[in-house]
Amino acid sequence: MTTPFRFGINMLAPPDRAAWAAQCRTAESIGFDVLLVPDHLGMPAPFPSLVAAAEATERPRVGTFVLNAGLWNPALLAREVATTDRLTGGRLELGLGAGYVKAEHDEAGLPFGTPGERVDALTHLVTELERLLDDPDHAPAPVQSPLPLLLGGNGDRLLRLAARHARTAAFTAARQVPGAAPGTLGLIAPQALAERLAVYRGFEAGRSQPAELNLLVQKVEITGDRRAAAERLAELGPGLSVDQLLDHPGLLLGTAAQIAEQLRAHRERFGFSYFTVLSPDMRAFAPVVEELAGH
């Protein structure tokens, strides 16, 4: 049975309250299902931004995309999560990841660690959050039980964790570009993404209800010349051919009708039904949302 599409928009909260509310209402009017905010130092704090987003809108859910596990204490995060879920009327979706920007940990005076240590920290955070939020005596108590959890990443251990705990497994389809500044990500080949999905499905085998699969889209461009656009955006996928870029679910190029058809094909091939786009592409993606919403 085909899973209906959901569409999320990952937004940066403007410093002005009125501008943030207007941006959230625009996303709601377009038809986005989830209003999302990232978690990076130097950007607005996620939970106050989500409460304000919920206050400005009626229908969309709100979520983190994604919290950096190394910056959060489980007990304090449980309080933030439960409070935010209550203040948003049970609309919160909690996204967590292992983190990939060392400079943010350095600025916060927190250890960055090895990739394995960061996954250890995320595993501990997930386990403790589940214990705390499932405790009937925890105060404050969230509205939702269990709270919808999204886990994002591509490594084997993180995919195994998502298969065990997440309602939504999120794939970035990108990795650190060798030799580039830390935090510089480049798209992986579509076949490499398919391999990651096959690994995930192996971990998920036997699960009673399969997780929703999410993909972060790096760029949406409405154009009549897909190949020229892919050539111009080649830096998003270092080492990938133009044909690989055109075949990539993280790069949506073409007319609105062509992009809608691409998303149907990506859902069939990869299993992705929940796509997140970045706020600069919100209006470009609007006719695609209109065509595919509810399908």
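These are my notebook entries on a predicted model of one protein chain.

**Entry 1. Whole chain**

I began with the overall counts. The protein chain has 11 helices and 13 strands. I then looked up the radius of gyration, which is 18 Å; the globule rule gives 19 Å for 295 residues, so the chain is as compact as a globular protein of that length. Along the principal axes, the C-alpha trace spans about 55 × 40 × 40 Å.

I noted that 51% of the 295 residues are buried. Of the contacts with a separation of 6 or more, 73% are between residues 24 or more positions apart. The exposed surface comes to about 13,400 Å², and carbon and sulfur atoms supply 54% of that area. I also checked the charges: there are 27 positive and 34 negative ones, and their mean positions are 2 Å apart.

**Entry 2. Strand β1 at Gly8**

I looked up Gly8, which lies in strand β1. Is Gly8 buried or exposed? Its relative accessible area is 0%, so Gly8 is buried. Setting aside neighbours within four places in sequence, I listed its contacts as Phe32, Val34, Leu36, Tyr274, Phe275, Thr276 and Val277. Val34 and Leu36 fall within the range of β2 (34-37), while Tyr274, Phe275, Thr276 and Val277 fall within that of β13 (274-278). I also recorded the distance from Gly8 to Leu76, 68 residues along the chain: their C-alpha atoms are separated by 26 Å.

**Entry 3. Helix α1**

I checked the length of α1 next. Its 14 residues should span 20 Å at 1.5 Å a residue, and the end C-alpha atoms are 20 Å apart, so the two values agree. The buried residues of α1 are Trp20, Ala21, Gln23, Cys24, Thr26, Ala27, Glu28 and Ile30. I noted that Gln23 and Glu28 are on that list. What do the buried residues of α1 pack against? They pack against β1, β2, α2 (46-56) and α11.

**Entry 4. Helix α11**

I turned to α11, which covers residues 282-292. Here Met282, Phe285, Ala286, Val288, Val289 and Leu292 are buried. I compared the list with a general point: an α-helix has 3.6 residues a turn, so residues three or four places apart point the same way. The partners of these buried residues are β1, α1, β11 (219-222), β12 (251-254), α10 and β13. Just after α11, I found Gly294 with a positive phi of about 85 degrees.

**Entry 5. Helix α7**

Helix α7 has 15 residues, 190-204, which should span 21 Å at 1.5 Å a residue; I found the end C-alpha atoms 21 Å apart, so the helix agrees with expectation. Which residues of α7 are buried? I listed Pro190, Leu193, Arg196, Leu197, Val199, Tyr200 and Glu204. Arg196 and Glu204 are thus among the buried residues of α7. Their cover includes α6 (156-165), β7 (168-171), β10 (212-216), α9 (242-246) and α10 (256-270). Gly206, just after α7, takes a positive phi of about 90 degrees.

**Entry 6. His105**

I looked up His105 and placed it in helix α4, residues 102-108. The relative accessibility of His105 is 1%, and therefore I count it as buried. Not counting residues up to four places away in sequence, His105 touches Asn68, Gly70, Leu71, Leu110, Pro111 and Phe112. I checked the spacing to one of these, Leu71, which is 34 residues away along the chain: the C-alpha atoms are separated by 7.2 Å.

**Entry 7. Backbone exceptions**

I closed with the backbone. Most residues other than glycine have a negative phi, and most peptide bonds are trans. I searched for exceptions and noted these.

- The peptide bond from Ala139 to Pro140 is cis, with omega near 0 degrees. Pro140 sits in the loop between α5 (115-134) and β6 (149-152).
- Ser145 and Pro146 are joined by a cis peptide bond, with omega about 0 degrees. I placed Pro146 in the loop between α5 and β6.
- Ala173 is not a glycine, yet has a positive phi of about 55 degrees. I found Ala173 in the loop between β7 and β8 (174-176). The relative accessible area of Ala173 is 0%, so this residue is buried.

Technical notes
Residues numbered from 1 in each chain as written. Predicted model: local features only at pLDDT ≥ 70, side-chain atom pairs only at ≥ 80, totals over all residues. Heavy atoms only, no water. Helix = DSSP H or I, 4+ residues; strand = E, 2+ residues; numbered from the N terminus. Expected span 1.5 Å × (residues − 1). Buried < 20%, exposed > 50% of the residue type's maximum accessible area, 1.4 Å probe, protein only. Contact = heavy atoms within 4.5 Å. Rg over C-alpha atoms; globule rule 2.2 N^0.38 Å. Areas by Shrake-Rupley, 256 points an atom, 1.4 Å probe, with all protein chains shown as cover. Lys, Arg positive; Asp, Glu negative; His and termini not counted. Charge placed at Lys NZ, Arg CZ, Asp CG, Glu CD.
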